[in-house]
Amino acid sequence: MLKNKILLLKKGTAMNFLKDIFNLFFPDICLCCHKHLTKNETTICLTCRHDLPLTYFSLEEDNLVEKSFYGRIPVENATALFYFLKKGKVQQLIHQLKYNKQQQVGTFIGNWLGAEMAESNRFKKLDCIIPVPLHQKKIKLRGYNQVTAFGESLAKKLTIKYDETILVKVSSTKTQTKKIRFDRWKDVQELFKVQHNSSLVNKHVLLIDDIITTGATLEACCKALSKIEGLKISIACMAYTK
Ligand SMILES: [Zn+2]
């Protein structure tokens, strides 16, 4: 018994030693400031983590995300973990997630927001998480939907299901950043379609996306989802643009 324990301990020490050697040559770097991470840091360093602009919207009723949907679509509760500022650390992080194949960023943000939402009484009665879908062409190009890892880790923290088969995108649009909100809404509203919806009658879903700016895409998704009888919708995003 004791001999086995000593052997296991030795094996563990040897593994840690190998890990340390590996890290010496290929150190993990902070995805914000590019400094080497210490043993206790993952994804970003403690200094950058401390600098990220948290909103605490999960705990706040009538927060800015919720207000942005007033008079547009019925949303039960809504939240976003960070404020999104141009050239800020949140932009850097989400850029790494979207264009540099760093899916760990999604997990990192999902775990953080999930813990915050689990503490709040406002997100207790959710049944399922549904992501804003990407068009198949874009998934092929990027290799993944940037909200998948975020959604999966949120689902784990909130102990509910994650399902990306319910809402689909039917055709892609050109970049329309210069158009005003109304025109953009008009262009995207018919692009989302709900499939296998019978399981969601009278349920409460959490619709998720990366950054919320005008909310036009989320609004279009909600319009598509609202065809399901008795469905309630809440929203969670990684970041919110003021
Ligand atoms: Zn850093």
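**Exercise 1. Strand pairing**

In this predicted model, find in which sense E6 and strand E7 pair, and over how many bridges.

*Solution.* Step 1: locate the strands; E6 covers residues 204–212 and E7 covers residues 232–241. Step 2: read the pairing, which is parallel and runs over 8 bridges. Step 3: follow the chain between them. From E6 it passes through helix H9 (residues 216–225) to E7, a β-α-β crossover that is right-handed. Step 4: check a facing pair; isoleucine 212 stands opposite tyrosine 240 in E7.

Step 5: look for another partner of E6. Strand E2 (residues 128–131) also pairs with E6 in the parallel sense, over 4 bridges, and here proline 131 stands opposite isoleucine 208. Step 6: consider the surroundings; 9 of the 9 residues of E6 are buried.

**Exercise 2. The zinc site**

Name the protein donors of the zinc ion and determine the geometry of the site.

*Solution.* Step 1: list the donors. They are the SG atoms of Cys30, Cys33, Cys45 and Cys48, lying 2.3 Å from the ion. Step 2: write their spacing in sequence, C-x2-C-x11-C-x2-C. Step 3: place two of the donors in the chain. Cysteine 30 is in the loop between helix H1 (2–25) and helix H2 (46–51), while cysteine 48 is in helix H2, 18 residues apart from it. Both of these cysteines are buried.

Step 4: test the angles. Four donors count as tetrahedral if all angles lie between 85 and 135 degrees. The angles among the 4 donor atoms are 104 to 116 degrees, and the site is tetrahedral.

**Exercise 3. Two rings in a helix**

Classify the pair formed by the rings of phenylalanine 108 and tryptophan 112, and decide whether each residue is buried or partly exposed.

*Solution.* Step 1: locate the residues. Both lie in helix H5 (residues 104–119), 4 residues apart, about one turn of the helix. Step 2: compare the distance with the cut-off; ring centres must lie within 6.5 Å, and these are 5.8 Å apart. Step 3: use the angle. Planes over 60 degrees apart count as edge-to-face; these stand at 80 degrees, so the pair is edge-to-face.

Step 4: apply the limit for burial, under 20% relative accessible area. Phenylalanine 108 has 8% relative accessibility and therefore counts as buried. Tryptophan 112 has 21% and therefore counts as partly exposed. Step 5: note a neighbour of the second ring; arginine 49 lies over the face of tryptophan 112, at 5.8 Å from the ring centre.

Technical notes: Residues numbered from 1 in each chain as written. Predicted model: local features only at pLDDT ≥ 70, side-chain atom pairs only at ≥ 80, totals over all residues. Heavy atoms only, no water. Buried < 20%, exposed > 50% of the residue type's maximum accessible area, 1.4 Å probe, protein only. Helix = DSSP H or I, 4+ residues; strand = E, 2+ residues; numbered from the N terminus. Pairing = 2+ DSSP bridges. Right-handed = clockwise from strand over helix to strand, strands pointing away. Donors = N, O, S within 2.8 Å, 3.2 Å for Na, K, Ca; no water. Tetrahedral: all angles 85-135°; square planar, octahedral: opposite > 155°, others 65-115°. Phe/Tyr/Trp six-rings, centres within 6.5 Å; stacked < 30°, edge-to-face > 60°. Lys NZ or Arg CZ within 6 Å of the ring centre and 35° of its normal.
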